[in-house]
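Biologist: Please take a close look at one part of this model, with the cut-offs stated.

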Amino acid sequence: MIGKIDWSERRVFVVGGGISGLSAAWRLAELGFEVELHERAERWGGLIQTFSTQHGIVESALHSWLETAQIGRMLDTLGVERVSVRRASRVRFVFRDGAMRRVPLYLGELLGLVLRLLSAPGRSVSKPPEQQTLEDWGMRFLGPSGVKYLLNPMVRGIYAARPSELGLFIFAKSKREGRRRMVATKGGSQDLVNALVDKLTAHRNVKLHLGSQVNQLPLSTNVLLAGSSASSAALLEQRSPEGARLLHQIQYLPLITVTVFVEEPTRGKRGVGVLFPECETGKTLGVLFSSDSFSGRVKDERRVSSF
């Protein structure tokens with residue numbers, strides 16, 4: 001947003017038709033605003049897209065998420081069906097020393113972690129909370145091994161970032177959101193995009209524009225930028241040079257996702273997936289056991305598994 005919503009001005013101009021722009025447009029329309037949504041590409045959804053193959057579905061980006069009560073209510077309203085992680089496959093593994101392990105710490109490291117947890121509350125902290133990173137917190141409560149084989153793979157697997165790159169506000173945000181469950185859309189993430197587009201198309205307060213490149217911010221009071229930080233910065237250059245400068249400083253992580261279908265069902269350990277500590281594999285973040293975790297990922301579960 002540029003500033004805050006002006007409730008006296010009942011029109012909102014939204015730039016970007018990815019999941020953020022679509023969700024915001026729908027919510028604003030439900031609140032009674034007249035919404036105009038522009039997307040420069042020829043399809044809605046941004047990075048999110050589901051492809052169907054002879055073996056099963058392939059996701060270009062989002063494959064599952066941690067659902068809060070608020071997100072669950074929104075998806076129920078949209079009529080999006082979800083599937084939870086299979087009961088038999090809720091185990092998570094961490095890769096260490098060439099093997100997948102449910103507990104990646106050795107006995108001595110576990111004892112050290114317990115002692116550190118007991119003594120951590122009385123240990124002095126050199127930085128104020130707003131300057132502390134997750135790594136600072138981890139070194140205080142978990143110790144070097146705990147950070148290396150517990151915190152690092154967990155944070156990289158969820159946020160694709162190192163603990164040293166994220167602040168403690170992540171914990172505060174998770175606490176506010178309450179209990180979360182891991183879910184996926186029944187037919188693939190494209191279901192979510194399609195449901196939002198259907199709702200917006202039918203809404204009398206919404207105008208949709210595909211293949212519409214916005215090169216200059218409109219004079220509308222309420223403008224919501226839901227594109228990349230780079231594209232948003234380009235639009236803000238004249239109106240807010242400082243805002244554009246800050247947006248240009250946002251770092252994007254280059255991620256590559258690969259979906260693999262194996263023509264023999266997995267005979268080994270079943271679970272949600274395996275996470276990789278940075279010290280073990282470098283840039284590899286993890287592997288989701290897709291068909292073990294969720295139903296509907298492959299067409300014939302007796303013959304094919306997907307990862």
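What volume does the second largest pocket have?

Modeller: This is a predicted model, where local features need pLDDT of at least 70, side-chain atom pairs count only at pLDDT 80 or more, and totals for chains, interfaces and linings use all residues. Residues are numbered from 1 along each chain as its sequence is written, and side-chain values use heavy atoms, without hydrogens and water.

The volume of the second largest pocket is about 170 Å³ (the space filled by probe spheres set on grid points joined across faces, edges and corners). A pocket is an open set of points on a 1 Å grid over the protein atoms alone where a 1.4 Å probe fits, with protein on both sides within 12 Å along at least five of seven lines; lining residues have an atom within 4 Å of a point. Here the lining consists of Arg11, Val12, Phe13, Glu34, Val35, Glu36, Arg204, Asn205, Val206, Lys207 and Ser220. Strands E1, E2 and E10 (206–210) each give two or more of these residues (strands are DSSP runs of E, at least two residues, and helices of H or I, at least four, numbered from the N terminus). By class, 5 lining residues are charged, 4 nonpolar and 2 polar (Asp, Glu, Lys and Arg are charged; Ala, Val, Leu, Ile, Met, Phe, Trp, Tyr, Cys and Pro nonpolar; the others polar).

Val35 lines this pocket and is also among the residues with the most contacts inside the largest nonpolar core, of 27 residues (buried Ala, Val, Leu, Ile, Met, Phe, Trp, Tyr and Cys joined through side-chain atoms within 4.5 Å; buried means under 20% relative accessible area, 1.4 Å probe, protein chains only). E1 (11–15) and E2 (34–39) each give that core two or more residues.

Methods:
Buried means under 20% relative accessible area, exposed over 50%, partly exposed in between (1.4 Å probe, protein chains only).
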